[in-house]
Amino acid sequence: MINPNIFREYDIRGVVADDLPTAVVVQLGKGIGTYMRGKGAKRITLGRDGRLSSERIQHDLQDGLLATGLEITDVGMCPTPVLYFSIQHLGVDGGIMITGSHNPPEFNGIKMTLGKTSIFGPMIQEIRERIDAQAFAVSASRAPVQTYEVLDPYVTWLSRNLKLDRAVRVGMDSGNGVGGLVAPQIFRAIGATVYDIFTEVDGRFPNHHPDPTVERNLTALKQLVAEKGLEVGVGFDGDADRLGVIDQHGTPIWGDQLMVLFARSILRHHPGAAIIADVKSSDNFFADVQRHGGRPIMWKTGHALIKSKLWEESAVLAGEMSGHFFFNDRYFGFDDGIYSACRLAEIVSQLDKPLHEELADLPRTYSTPEIRVDCPDDVKFGLVEKVKSTFKRKGHETFDLDGVRVRFSDGWGLVRASNTQPTLVLRFEANSEAGLQQIDHDIRDVLANEGGFTFDEKSGGH
């Protein structure tokens with residue numbers, strides 16, 4: 001029996017010991033291979049991150065994929081964006097990455113791509129249905145697995161296509177993820193002075209949880225930047241498709257603030273271009289893009305959804321609060337934390353002032369980080385609907401593209417159901433501290449009194 005909950009919105013993922021034994025992974029390979037063959041794919045690349053279970057899962061998955069007749073090129077241990085790069089570089093039809101991304105060590109998963117497009121949502125459910133029905137493509141022969149060392153071409157491409165105007169002093173925390181295989185080398189090649197920590201790949205993540213968009217995971221990076229007097233600090237998650245950043249004072253520069261920096265730089269060369277950010281992003285971002293001559297688009301949260309919207313709108317840039325950034329300007333349009341960090345270093349090298357001062361002209365706002373509270377899957381969507389209907393009844397403007405974003409006189413509040421976890425996601429922004437507290441109070445009050453949701457100090461809510 002396969003746990004149906006491993007078929008997530010953007011990937012297939014579960015606890016290795018419970019959900020991903022060999023027999024299950026082979027079945028997953030047959031289902032994925034059948035789906036990809038049905039979409040015309042013949043040749044794919046296959047890579048893995050540095051988790052302790054990834055090599056075994058890759059071997060088992062490969063067994064199932066080969067049974068369907070796919071031709072596989074094994075690109076070995078690498079960051080997820082390097083797997084994406086291999087698809088472009090080798091001209092194959094798609095790619096599969098074994099990675100648990102930013103999740104704890106006991107998790108692992110499978111990300112899939114056909115051409116430029118992620119396999120997600122209904123496509124993943126179609127794979128599940130094929131497995132349930134045991135309706136697999138069967139090949140009379142298996143092509144031998146090819147191997148290709150893709151790290152060097154990736155390093156060479158980035159090193160040749162990025163350049164600093166001066167040597168920027170950078171602190172780098174790879175978090176014991178696979179970004180450490182290439183990121184320090186690339187930064188030094190483009191002219192940065194790099195002080196790097198936790199570059200050794202260790203799937204146990206002994207130093208901190210591998211998600212640099214959560215501030216408590218930036219403690220060591222903050223110490224490094226302070227001790228060495230560096231200009232900027234960058235951190236990567238376990239598979240290096242997410243980027244976290246701090247300025248010279250150790251203050252996090254959140255995803256929507258980084259998008260402001262990226263957008264301003266790009267719009268100088270592409271006036272009028274479309275730029276996309278997710279529903280969790282600040283009003284400041286959308287207003288700033290418009291002020292600098294761009295066309296801002298708010299879209300659904302989720303790297304696969306954002307990437308699809310990028311192609312649909314022919315946008316030059318897209319990004320989200322979770323640290324995924326997609327450059328369709330001078331790059332291939334997939335999310336790459338390492339490339340994004342290099343683009344940030346380019347911007348810093350061109351500034352005549354510290355990085356934090358470049359954002360000083362944004363209107364002052366007061367905001368929460370992303371607040372994640374535990375909430376059962378069978379409850380969370382109903383709570384979002386309750387928030388939307390309650391505030392509409394009270395005369396508030398509501399935007400329900402992804403969850404509900406409620407407009408208040410002094411700002412906005414977002415309530416959305418996570419697509420990947422039994423979690424409610426909240427974020428609030430206002431023009432004053434008092435306004436922020438009021439929005440926070442009003443939304444929590446509706447969740448508690450209208451929705452029957454109970455917040456607690458330890459888990460956030462239930």
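**Loops, helices and overall build**

Asn176 sits in the loop that runs between strand S8 (169-173) and helix H7 (183-189). In this predicted model, phi of Asn176 is near 65°, a positive value in a residue other than glycine. Is Asn176 buried or exposed? With a relative accessibility of 4%, Asn176 counts as buried, because the cut-off for that label is anything under 20% relative accessible area.

Ala240 makes a natural companion to Asn176. Phi of Ala240 is near 65°, again a positive value in a residue other than glycine. The residue belongs to the loop between strand S10 (232-236) and strand S11 (243-247). Ala240 comes out at 0% relative accessibility, so it counts as buried. Positive phi also turns up at glycines: Gly40, just after H2, has a phi of about 95°, and Gly395, just after H14, likewise takes a positive phi of about 95°.

Stepping back to the whole chain, the model contains 15 helices and 21 strands. How does the radius of gyration of the protein chain agree with that of a compact globule? For 462 residues, a compact globule would have a value near 23 Å; the chain has 22 Å, so the two agree. Along its principal axes, the C-alpha trace spans about 70 × 55 × 45 Å. Of the 462 residues, 58% are buried. Contacts were also sorted by distance along the sequence: among those with a separation of 6 or more, 68% link residues 24 or more positions apart.

As for the surface, the chain exposes about 18100 Å², and carbon and sulfur atoms supply 48% of that area. On the charge side, there are 50 positive and 62 negative side chains. The centres of these two sets lie 3 Å apart.

Two helices of 17 residues are worth setting side by side. Helix H2 covers residues 22-38 and reaches 24 Å from its first C-alpha to its last, close to the 24 Å expected at 1.5 Å a residue. H2 is mostly covered, with twelve of its 17 residues buried. Among them are Val24, Val25 and Val26, together with Gly29, Gly31 and Gly33. Leu28, Ile32, Tyr35 and Met36 are buried in H2 too.

Helix H14 (residues 377-393) has end C-alpha atoms 26 Å apart; its 17 residues should span 24 Å at 1.5 Å a residue, so the span agrees. The buried residues of H14 are Lys380, Leu383, Val384, Val387, Lys388, Thr390 and Phe391. What do these buried residues pack against? Their partners are four strands and a helix: S18 (398-399), S19 (404-408), S20 (411-417), S21 (423-430) and helix H15 (433-449).

Asp377 also belongs to H14, but this residue is partly exposed, with a relative accessible area of 45%. Leaving out neighbours within four places in sequence, Asp377 is in contact with Gln421 and Pro422. Asp377 and Thr73 are 304 residues apart in sequence, and their C-alpha atoms are 38 Å apart in space.

Thr99 brings the story back to loops, as it lies between strand S4 (94-98) and strand S5 (107-114). Thr99 is buried, with a relative accessible area of 1%. Setting aside neighbours within four places in sequence, its contacts are Asp49, Thr80, Asn108, Gly109, Ile110, Lys111 and Asp239.

Phe107 is found in strand S5. Beyond residues up to four places away in sequence, Phe107 touches Arg13, Gly14, Val15, Val16, Arg51 and Gly100. Phe107 and Asp378 are 271 residues apart along the sequence, with a C-alpha to C-alpha distance of 23 Å.

Finally, there is Arg343 in helix H12 (residues 337-350). Despite its charge, Arg343 is buried, at a relative accessible area of 4%. Which residues does Arg343 contact, leaving aside neighbours within four places in sequence? The list consists of Leu162, Phe262, Ile266, Phe327, Asp329 and Arg330. For Phe327, 16 residues away along the chain, the C-alpha separation from Arg343 is 9.4 Å.

Conventions. Residues numbered from 1 in each chain as written. Predicted model: local features only at pLDDT ≥ 70, side-chain atom pairs only at ≥ 80, totals over all residues. Heavy atoms only, no water. Helix = DSSP H or I, 4+ residues; strand = E, 2+ residues; numbered from the N terminus. Rg over C-alpha atoms; globule rule 2.2 N^0.38 Å. Buried < 20%, exposed > 50% of the residue type's maximum accessible area, 1.4 Å probe, protein only. Contact = heavy atoms within 4.5 Å. Areas by Shrake-Rupley, 256 points an atom, 1.4 Å probe, with all protein chains shown as cover. Lys, Arg positive; Asp, Glu negative; His and termini not counted. Charge placed at Lys NZ, Arg CZ, Asp CG, Glu CD. Expected span 1.5 Å × (residues − 1).
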